[in-house]
Amino acid sequence: MMRTKAIPLPQELARLAEEIAEHARREGLDFYETVFEMLDADQISRVAAYGGFPQRYPHWRFGMEYDSLQNSHRYGLSRIYEMVINNDPCYAYLRNDNTLVDQKTVMAHVYGHCDFFKNNTWFSQTNRRMMDEMANHATRIRRYIDRHGLEKVERFIERCLALDNMIDPHSVFMKRRAPRGSKSSESNGAEPTRYPAKSYMDRYINPPEDMESGDENGQREQRVETSRLPVAPQRDVLLFLLENAPLADWQSDVLSIIREEAYYFAPQGQTKIMNEGWAVYWHSTIMTNYCLQAHEMITYCDHHSGTLATSPGRLNPYKLGVELFRDIENRWNNGRHGIEYDRCTDIEARRTWQTRTPPEGRVIGQGSIGREKIFEVRRVHNDVTFIDEFLTPEFVEEQKLYHYRYDPSTGRMVVVNRDFDRIKAQMLFQLSNHGQPYVYVMDGNYRNRGELYLAHKHNGFDMDIKYGVETLKSVEAIWGRPVHIAMRIDDEAMLFSYDGEQSTQQRIDESLDLPLHQMP
Amino acid sequence: MISGITKDHQRFRQIVKGKIREDLRKFLTRGELIGREGNKAISIPVHGIDTPRFRYGDNNDSGVGTGDASAGDQADTQGEGIGPGGDQEGKHILEVEVSLDELADILGEELQLPRIEPKGKKQISSERDKYTGIRPVGPESLKHFKRTYRRALRRQIMTGQYDPDNPRIIFERGDKVYRSWKTVMSPRSNAVIIYMMDVSGSMGDEQKELVRLEAFWIDAWLRRNYRGIESRYIVHDVRAGEVDRETFYRIREDGGTRISSAFRAAKALIENHYVPHEWNIYLYHFSDGDNSSETDSRECCALLREHLLPMCNMFGYCQVASAYGSGNFINVLHEHVADEERLITSRVNTKDDIYDSIKAFFKAGR
């Protein structure tokens, strides 16, 4: 039999949770109320398949996720210790078969995440009632399924999901253009005229059909007029489709749901290293300073080092994050920062640099300059800026980082060197847009035939052609007219097209019409 | 209440099965499945399940790693945290676990094989109640009198109430014990499949592989549909002998071919163990059709007509194409035994024919 209800949190753990929260607050962490729930292994897999939420819209891809989680759990390949969701209150799940010391570590770790969710600026625009929102999404999509049939809705969701990486995570922080309403209020002509009438005569003087159809026509005209042509290359492809593709109401709603969820999850992708590093920093600080009993030491160390384990060739975000936070704390405590330090090229001088005396103690705690610095870092940075700002040659050396690349002659990944600039550039590249290509809408009325023209902004790496061609089909299904994407493949500009029946590709040369915008 | 994820999971499995169905011919030819048991999971690569997204190509993989390696060393980079798209490597092909039974079901649906009608009365796998233990509660009719009496006696002796002169034993509530039972399924075997395989020298490795694949799938499907089905395996060159399943799928032999030897062995097997009116008997014979002599072929026909065909539900003869030999046996069968509807023949030249061959065997629905 399957259990759907959480196991109530035992008294002992509830007490410990409060105790750890107290330590965390004293250390300066600031988090939403955090609700812990106990789940057994299978329930954890279920929740994890849903991205941490108890409810999502029905779709088989969650089933697929569950299938693979279940298998990897069954074979002992992976173990999910905890999960936490960015919500107010924060929800966190504990596994019922964790040992007590694991539970304590997990709780301390969770408070680290909660603090990060609440205070990191990249999370500031996320919906803190996402738990409810997800349930709403589920209800809405279920309603569409009832009305339009499972396969139809499911297929459309897949189309949308294929494009869910084409959003603009920065757009939530700025106004890229005037809100849509502002212009339409000026051009009032589209609004059908409403004559003054007594309420009981209103239906006859202003027939509702007229009012409605007028409304719709007006809107449609306006739509064509204002935004089929993006003002500038538009990175939020989903938004462009939402506003301009000929979608039924339910389809627009599905697309907007997918887009909203993509935006909700985006900051977690943008801050993976920082978020995990921060949480590890705090579980280790809290555990070693306050919570660890002598007899729990070995288990704690074992599991903690398991979390931070690196295997050759891999970068563990937990490890990288916490080491970098510690490095920053240490540098600021010793005064190893500022313009003079940055300009100093003498390795020996940098190593022994000390313009500030660090406070005493094994763990340098609150109030130190280093600690203040890392709180600031966790507030304003994301992974890209974090690496860009704080990665130092010393750190790269200490962590034994290297740069590798694919060697076509052997077909293997081969270590190239340990050059700092190369390593940093590579890391930044991988992190920017979390490893996804940048795709922009260039034209929504290409060749004056209502065709959609996308373009990949090439930054040193080609896009995958096979995937690109397949994904284009999803774009076409939503757009309803032929679609194109310009990509640079082996230093040659290529245009891939799909017209609903066949995929074509051609070299971009003078004979081709230019889209409205060119990639800068 | 079924939780959302359960439904999603069911839907996912349904989609996977659909994909497998599309590629069924391909899966039927996977030799490594041979010898698997029904409930064991098989990992199967399924194409085109995952949603394709715009992503970076694989050819320009590079990344940052950590460790002691020096320049030129191989960076062992399976897994996360590496170059662009690195952690999605190969995800387009999803490895899904299915059991052999599930595959056999899909095979059955896809081929639209009729379920073979059971024969006789013994085939119903019946539930039977069996008294297996004792429990403190139960209906009075199941009271275990002897034990109850003993318990009461013991209690009375212990508490000093027992009077040898007036041995009256009165049960109290705590004394009473009852029989308890378990429901056991007792499946009755009602069908036997006898596989006969030609392992003579003219059957090359390729031919044997084809034969084994076909036999394997027939076996898998029939086992799926008949709980407790019996399978017997006979291999022959000039002499025939019964072997176990393991040997049947692995054996290498050499020598000439005398098909009648296998037919005789099958006949003997049936006569000794399987009464035809109580058993569904299915005979399959796989060969390259290169029988040693015309006389023997004629003898085979006589055996079939007079003994084997009247006894069995179906006789399937599957002939694989061989580089050597005449492959004439199938023609002999067509010539002499063509009017028997219990005899079904098929030819398998390549792995792709397996599917059609199985279909041919089962379309009649015997």
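Contact here means heavy atoms within 4.5 Å. The model is predicted, and this briefing covers a sheet of chain B, two helices that lie across part of that sheet, and the confidence along the chain. Chain B has a mean pLDDT of 77, with 80% of its residues at 70 or more.

**Sheet**
- Chain B has an open sheet of six strands, ordered β8-β7-β6-β9-β10-β11, with mixed pairing.
- Its edges are β8 (240-243) and β11 (343-348) of chain B, each of which pairs on one side only.
- From one strand to the next, the twist averages 20 degrees.
- At the β8 edge, β7 (residues 230-236) of chain B pairs with β8(B) in the antiparallel sense, over four bridges.
- Val235(B) has Gly241(B) in β8(B) as its bridge partner.

**Helices across the sheet**
- Helix α8 (residues 294-311) of chain B lies across β9 (280-287), β10 (314-320) and β11 of chain B.
- The direction of α8(B) is at about 110 degrees to β10(B).
- Helix α10 (residues 353-362) of chain B also lies across β9, β10 and β11 of chain B, running at about 175 degrees to β11(B).

**Confidence**
- Among the elements of chain B, helix α4 (residues 145-158) has the highest mean pLDDT, 92.
- The lowest mean among these elements, 74, belongs to strand β1 (residues 41-47) of chain B.
- Over residues 77-91 of chain B, pLDDT stays under 50; for this stretch the model has 34 contacts beyond four places in sequence.

Definitions and conventions
Residues are numbered from 1 along each chain as its sequence is written. Chains are lettered from A and ligands numbered from 1 in the order in which they are written. This is a predicted model: local features need pLDDT of at least 70, side-chain atom pairs count only at pLDDT 80 or more; totals for chains, interfaces and linings use all residues. Side-chain values use heavy atoms; hydrogens and water are left out. Two strands pair if DSSP finds at least two bridges between them. Axes are lines fitted to C-alpha atoms, for helices over the stretch in contact, and angles run from 0 to 180 degrees between N-to-C directions. pLDDT is the predictor's confidence in each residue, from 0 to 100.
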